[in-house]
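These are my notebook entries from a session spent looking through one structure. I wrote them in the order in which I looked things up.

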Amino acid sequence: NLLDGTSPNLAPFLFPHPRRFLDITSQIIPKIRPGMSSASAVSQSGGEGQRRASSLTDCEGLLREGSSSWPSRAFFILQDIRNTVGNIPMEWYQDYPHVGYDLDGKKIFKPIRNKDELDEFLDKMDNPDYWRTVRDKMTGADVRLSDEQVDLVHRLQRGQFGDINFKEYEPYIDFFSSETMIHPVTNRPQDKRSFIPSLIEKQKVGKLVHAIKMGWIKPRKPRDTTPQYYDLWAQEDPNAILGRHKMHVPAPKMRLPGHEESYNPPPEYLLSEEEKLAWEQQDPEDRKLSFLPQRFSCLRAVPAFSRFIHERFERCLDLYLCPRQRKMRVNVNPEDLIPKMPKPKDLQPFPTTQSLVYRGHTSLVRSISVSPTGQWLVSGSDDGTVRFWEIGTGRCMKTVDVGGAVKSVAWNPNPSICLVAVAFNESVVLLNPALGDRLVVSATDQLVSSYEEPEEAREQPVQWAAPAGKEHDAGHRLHLAHPKAVRQVTWHSKGDYLACVTPDGGSHQQVLIHQVSKRRTQNPFRRSKGLVQCVSFHPTRPFFFVATQRHVRVYNLIKQELSKKLQANCKWISSMAVHPGGDNVICGSYDCRLTWFDLDLATKPYKVLRHHKKALRGVAYHKHYPLFASGSDDGSVIVCHGMVYNDLLQNPLIVPVKVLKGHAITHDLGVLDVTFHPSQPWVFSSGADGTVRLFT
Amino acid sequence: LGGPENYESGSATNYITRNKARKKLQLSLADFRRLCILKGIYPHEPKHKKKVNKGSTAPRTFYLLKDIRFLMHEPIVGKFREYKIFVRKLRKAYGKAEWTSVGRLKENKPSYKLDHVIKERYPSFVDALRDLDDALSMCFLFSTFARTGKCHVQTIQLCRRLTVEWMNYIVTSRSLRKVFLSIKGIYYQAEVLGQTVTWLVPYQFAHDHPTDVDYRVMATFTEMYTTLFGFVNFRLYQTLNLVYPPKLDCRSEVDLKGEFEEDYAMDSESYLEKLSALSASLARVLNTAEEEEAQIDQFPVEGVDLEQMEAREREQKDQDAHKRLFEDLKFFLNREVPRESLAFVLRCFGAQVSWDKSHCIGSTYDVTDETITHHIVDRPSVDKQYINRYYVQPQWVYDSINCKMLLPVEDYFLGVNLPPHLSPFVEEKDGDYVPPEKLKLMALQRGEKPVAEQEEEEEEEEEEEEDDEEEEEEMDEEEMKEEESLKTIEKQRAQNKVSSVKVTPGKMKTENKVRMEQEEKAEEKRLAIMMMKKKEKYLYDKIMFGKKRTVREANKLAAKRKAHDEASKGEKRKKKTKQ
């Protein structure tokens with residue numbers, strides 16, 4: 001039993017040799033109860049012994065009774081195996097007074113141990129055998145190991161065989177040696193099959209022969225004799241180069257490393273803490289550097305780069321997975337991109353500096369207008385006043401309080417009439433400012449008062465009234481009460497007709513044309529074509545320009561038909577001006593664009609200028625000089641040279657010549673209106689800061 | 001005209017998707033990949049993707065149909081198929097436990113050679129040299145792999161052999177130009193037959209192999225690269241009249257043999273190591289007495305003026321001097337320095353190198369040799385120091401090579417704080433940031449001597465720095481001049497406008513004519529920019545943005561440097577005051 005059933009981990013260790021067994025049994029035997037035959041004892045304790053043997057690892061149970069010597073082994077004194085609990089962890093009995101049961105089923109009590117630490121210590125100091133005393137877990141008794149047992153433990157600890165007499169390195173004796181012996185190993189007569197040709201082999205050979213015949217089995221290939229490497233390019237034949245080689249795009253080389261990749265870079269290339277943090281938070285694809293620059297004090301301290309294989313692999317992927325393209329990179333000098341323009345110097349005169357500021361208004365100045373003589377300036381403001389200024393001195397000559405935010409003012413362009421149209425709320429007032437030539441002033445008054453009522457009164461959309469008394473003294477000459485708020489007034493160049501804009505989406509009465517001399521009002525349009533922004537008369541011919549949100553319509557007043565519809569290519573037109581020649585129109589829009597139309601050319605803009613940063617509020621042409629100006633919410637007035645040639649083949653030349661700044665931006669509004677002096681190259685601008693400025 | 005497109009002509013027929021190509025070639029995806037790698041076929045990005053994709057916008061990889069047709073004629077494709085069949089047969093034989101047929105099949109294992117592919121991809125030798133960068137880096141990487149089964153051991157050995165051959169060639173031809181110690185590894189740049197070849201060698205450490213890398217792809221590349229590299233090596237050895245595969249010179253071989261015979265069991269094993277030690281010269285086919293420096297004959301060429309000729313001559317002279325940088329110097333490497341790199345680099349510039357006998361095979365002299373001029377050490381101090389030699393840190397060697405002159409050794413003594421190691425590959429254009437160390441080195445190269453005394457040096461440093469800053473500022477000004485001036489002018493204008501309303505006693509207004517002119521020009525430019533077309537404006541803005549960004553980056557670096565210098569100066573002063 002013991003022989004067969006030894007636990008597998010111990011077997012090779014403790015029983016390397018049959019003789020070892022005896023040794024072990026000799027040590028177990030004393031535990032078997034006396035009076036029993038050895039065989040029966042062994043058979044009885046079959047399973048027990050087996051477990052016992054496996055508990056030998058700690059050598060405690062085994063080496064208990066070491067005193068028995070070899071000769072006594074013949075005499076089998078069988079002690080009882082006291083504990084029957086088997087190979088269990090003995091700490092299960094920790095809390096009990098007993099440690100197990102004997103063969104009769106009685107408890108084996110733990111020996112009384114009342115040794116405390118001190119006793120233990122004293123024992124340690126006094127007892128010379130303390131080091132070889134072990135506690136038997138099965139019985140709880142202390143056991144002193146014999147010399148042999150101690151020796152065994154030592155040997156096992158060193159990894160040697162337990163038996164002293166076992167020789168590990170004994171010469172190996174072959175059963176069959178290389179030497180031919182004279183005698184056969186066996187004296188068996190030979191089989192018959194050894195001298196009869198084998199059928200199976202024949203079959204196999206036949207199969208092989210057949211396979212070779214059929215070409216299923218190929219004979220071994222002859223070894224390749226060419227050397228692994230030779231001069232591959234010995235004969236470079238230019239004809240052998242394939243055509244496709246010209247199409248081949250060689251892979252770009254790896255980028256060469258910069259200073260920051262050095263193991264000891266200059267300090268400025270190292271990242272600061274914040275930069276490091278930012279680097280770590282970035283996606284690996286977005287990082288500018290694929291690594292963190294680091295500094296090492298010496299070459300010895302440099303570690304391996306952890307992403308080396310990765311980078312090599314990524315390069316491989318790039319080589320075979322990335323489409324390649326030849327990119328033509330044109331090295332452009334940015335200076336060459338700037339268009340060659342005529343120098344502004346050569347295009348003089350144009351206004352360059354701010355020379356006068358007309359102060360007095362307390363609110364935004366919506367509109368300004370210059371008298372045809374070029375001596376007076378009228379401005380209308382949201383504070384409800386209209387002020388008349390002397391241009392040369394900047395003096396406010398007259399202030400007329402009209403009692404409503406003035407939207408638009410327009411000086412009669414006819415130099416023989418001294419009238420100013422002022423639009424506020426729902427009414428338009430014609431003022432005689434009584435400035436300048438007395439004769440002209442009185443002539444104007446006469447002209448207005450010489451009106452005779454027609455016989456049959458016609459119904460008119462507008463009520464005409466001639467104020468008297470106080471208002472007359474203040475300069476009011478005619479009142480035109482409109483049904484709706486008036487936004488813009490503009491004169492015909494002859495000075496008799498006056499166009500008013502009363503913007504209203506659905507109504508067909510958005511534009512009204514008044515004849516002052518006859519005090520008559522016409523409504524030219526039967527149908528509304530959208531919200532009218534502004535209108536203008538053609539300076540010489542009977543045309544009328546109406547700007548709606550996106551289009552400018554040109555009507556022929558004589559034929560009473562639409563002659564052209566210009567597409568402004570912008571979202572919302574804010575202002576419009578007609579060139580004194582009449583063939584060109586500029587439109588300012590709220591989406592920062594200024595569009596120039598050449599009416600002879602097309603209905604699309606000839607040029608779109610995006611000079612301003614914010615919405616345009618006013619545009620104006622100069623009467624004589626080839627200049628136009630635009631004022632915008634960004635507080636600047638841009639003066640451009642806009643030369644129109646008489647030659648039809650030559651397109652207008654547009655060159656920005658000056659950016660004029662001066663208006664302060666208030667409530668996100670900058671320049672509200674611009675207008676030119678009738679004879680001088682001067683430009684006036686009115687702004688949201690309540691000032692009017694003159695640039696000369 | 002009109003109607004739906006049927007994609008039967010035009011660009012739709014010129015491209016083929018990857019899957020279709022694979023099916024056309026009857027290859028598995030892995031084999032298709034291998035074929036593309038070996039033949040150098042890469043995908044193409046069609047101009048009109050939707051058209052090529054037959055109206056669909058799904059992301060697909062496209063190859064040129066021509067390329068795929070070209071691949072169809074490749075004999076390797078047949079080999080791939082054969083191999084597939086071979087594997088199938090082998091599996092079957094294993095399954096049936098037919099060991100004889102297993103053996104027989106293994107004997108007839110199909111294999112292929114890449115010679116024709118190399119010849120086809122690189123029709124001339126120069127083409128091959130031009131494309132050698134990746135091959136070198138890859139082989140150097142593979143040669144450092146441990147034999148852990150990431151790839152075949154034979155591949156590793158082959159890579160090692162080829163790299164050793166390459167290094168020996170570079171040493172013999174003295175064609176190394178630049179070296180750079182980066183945190184990734186060591187970059188070398190050599191000029192081989194007029195072509196610059198750059199490669200990266202990892203530091204000698206065991207790799208921890210990443211799991212997200214496909215080693216099959218890398219192995220396929222290496223297969224191609226080793227073939228290319230071997231042929232290139234053969235040809236290069238031929239050009240120098242060297243024996244291939246390389247053999248040590250008889251004399252040196254005898255020298256080495258005596259000492260190491262007993263240490264190595266196999267001669268074949270030690271031979272590669274002896275070669276890789278790089279300490280001995282190679283055997284030549286024709287035993288010429290000594291290296292003959294080929295004199296360049298001077299031909300009076302018409303059309304080339306004298307100045308050019310002279311410049312070329314000077315360049316040639318410089319290069320020769322550079323090649324002989326370490327000639328007549330004797331180096332000894334301590335055991336903690338990277339031996340292979342240093343031995344390679346030093347030998348490339350004509351030095352004699354040795355190391356401790358127990359460190360590596362191939363040492364030629366001992367530490368005790370009195371004629372040693374430089375001892376390269378990478379530790380704070382050395383116990384026993386010999387008087388007649390310099391003890392320097394390894395960076396001195398690399399910096400000297402990059403600087404093309406022997407730098408003063410004082411900055412590189414043991415325990416000294418090393419000066420920064422700069423990349424030799426950076427070529428600063430004007431407007432770029434140049435680190436002050438580089439300026440110093442450039443001054444050294446020009447022959448200006450640094451002042452020896454420390455205090456003066458410090459002062460000078462300060463001055464230099466200031467100069468640098470000034471220069472930078474100047475550069476900035478040049479860049480930003482117009483805008484800045486414009487801004488100031490406008491501010492002045494605005495102020496003038498405000499103030500001009502007041503009536504004050506007249507003052508003489510001094511007009512700066514130059515300034516006025518500048519203003520005028522700047523304004524002209526701005527007005528002209530306003531009139532630019534949308535497209536051009538976009539391009540212009542982009543260019544200007546890029547320019548400004550480079551300026552900004554340079555400024556940032558300069559500012560950082562300034563802050564750092566000030567901080568370090570403050571520390572120095574503190575130390576001084578403490579003392």
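**Entry 1: chain A overall**

What percentage of the residues in chain A is buried? I am working from a predicted model, and in it buried residues account for 42% of the 696 residues of chain A. When I looked up the secondary structure of chain A, I found 13 helices and 33 strands. I also looked up how its contacts are spread along the sequence: of those between residues at least 6 apart, 50% join residues at least 24 apart.

**Entry 2: strand 12 of chain A**

I then picked out strand 12 of chain A, residues 427–431, where five of the five residues are buried. From this strand A:Ser427, A:Val429 and A:Leu431 point one way, while A:Val428 and A:Leu430 point the other way, and I noted that all of them are buried.

Which strands pair with strand 12 of chain A? One is strand 11 (residues 420–424) of chain A, which runs antiparallel to strand 12 and is joined to it by five bridges; within this pair I found A:Ala421 opposite A:Leu430. The hairpin made by strands 11 and 12 of chain A has two residues between the strands, and in it A:Asn425 takes a positive phi near 45°. Another partner is strand 14 (residues 476–481) of chain A, also antiparallel to strand 12 and paired with it over five bridges, with A:His479 of strand 14 standing opposite A:Val429.

**Entry 3: where chain B meets chain A**

Next I turned to the interface, where 123 residues of chain B are in contact with 97 residues of chain A. The two chains bury about 9,200 Å² between them, and 61% of that area is on carbon and sulfur atoms. For polar links between chain B and chain A, I noted 14 salt bridges and 41 residue pairs in polar contact, counting pairs with both residues at pLDDT 80 or more. Which element gives the largest share of the side of chain B that touches chain A? That is helix 12 (residues 215–239) of chain B, with 14 residues. Sorted by class, this side of chain B has 62 nonpolar, 21 polar and 40 charged residues.

**Entry 4: salt bridges, one by one**

A search over all chains gives 40 salt bridges in the whole structure, and I went through several of them individually. In one, A:Asp224 pairs with B:Lys113, with the closest N and O atoms 3.5 Å apart. This pair crosses between chains, and both ends sit in loops: A:Asp224 between helix 7 (199–214) and helix 8 (244–247) of chain A, and B:Lys113 between helix 7 (99–107) and helix 8 (115–121) of chain B. I looked up the accessibility of both ends, and A:Asp224 counts as exposed because its relative accessibility is 55%, whereas B:Lys113, at 35%, counts as partly exposed.

Is A:Glu268 buried or exposed? A:Glu268 has a relative accessibility of 1%, so it counts as buried, and B:Arg561, at 10%, counts as buried too. These two residues form a salt bridge whose closest N and O atoms are 2.9 Å apart. The bridge joins two chains because A:Glu268 lies in the loop between helix 8 and helix 9 (273–281) of chain A, whereas B:Arg561 lies in helix 21 (residues 534–578) of chain B. A further salt bridge brings together the side chains of A:Glu275 and B:Lys560, at 3.0 Å from N to O.

Within chain B, I checked the salt bridge of B:Glu340 with B:Arg160, whose closest N and O atoms are 3.0 Å apart. B:Glu340 belongs to helix 16 (residues 339–348) and B:Arg160 to helix 11 (residues 153–173) of chain B, so the pair ties together parts 180 residues apart in sequence. B:Glu340 is buried at 16%, while B:Arg160 is partly exposed at 21%. I also noted one network, in which salt bridges that share partners join A:Glu268, B:Glu437, B:Arg561 and B:Asp565.

**Entry 5: helix 18 of chain B**

To place B:Glu437, I looked up helix 18 (residues 436–446) of chain B, whose buried residues are B:Pro436, B:Glu437, B:Lys438, B:Ala443 and B:Leu444. After this helix comes B:Gly447, with a positive phi near 105°.

Note on methods: Residues numbered from 1 in each chain as written. Chains lettered and ligands numbered in written order. Predicted model: local features only at pLDDT ≥ 70, side-chain atom pairs only at ≥ 80, totals over all residues. Heavy atoms only, no water. Contact = heavy atoms within 4.5 Å. Buried area = accessible area lost by both parts, 1.4 Å probe. Salt bridge = Lys/Arg side-chain N within 4 Å of Asp/Glu carboxyl O. Polar contact = N/O pair within 3.5 Å; in protein donor to acceptor, adjacent residues only side chain to side chain. Helix = DSSP H or I, 4+ residues; strand = E, 2+ residues; numbered from the N terminus. Nonpolar A, V, L, I, M, F, W, Y, C, P; charged D, E, K, R; others polar. Buried < 20%, exposed > 50% of the residue type's maximum accessible area, 1.4 Å probe, protein only. Pairing = 2+ DSSP bridges.
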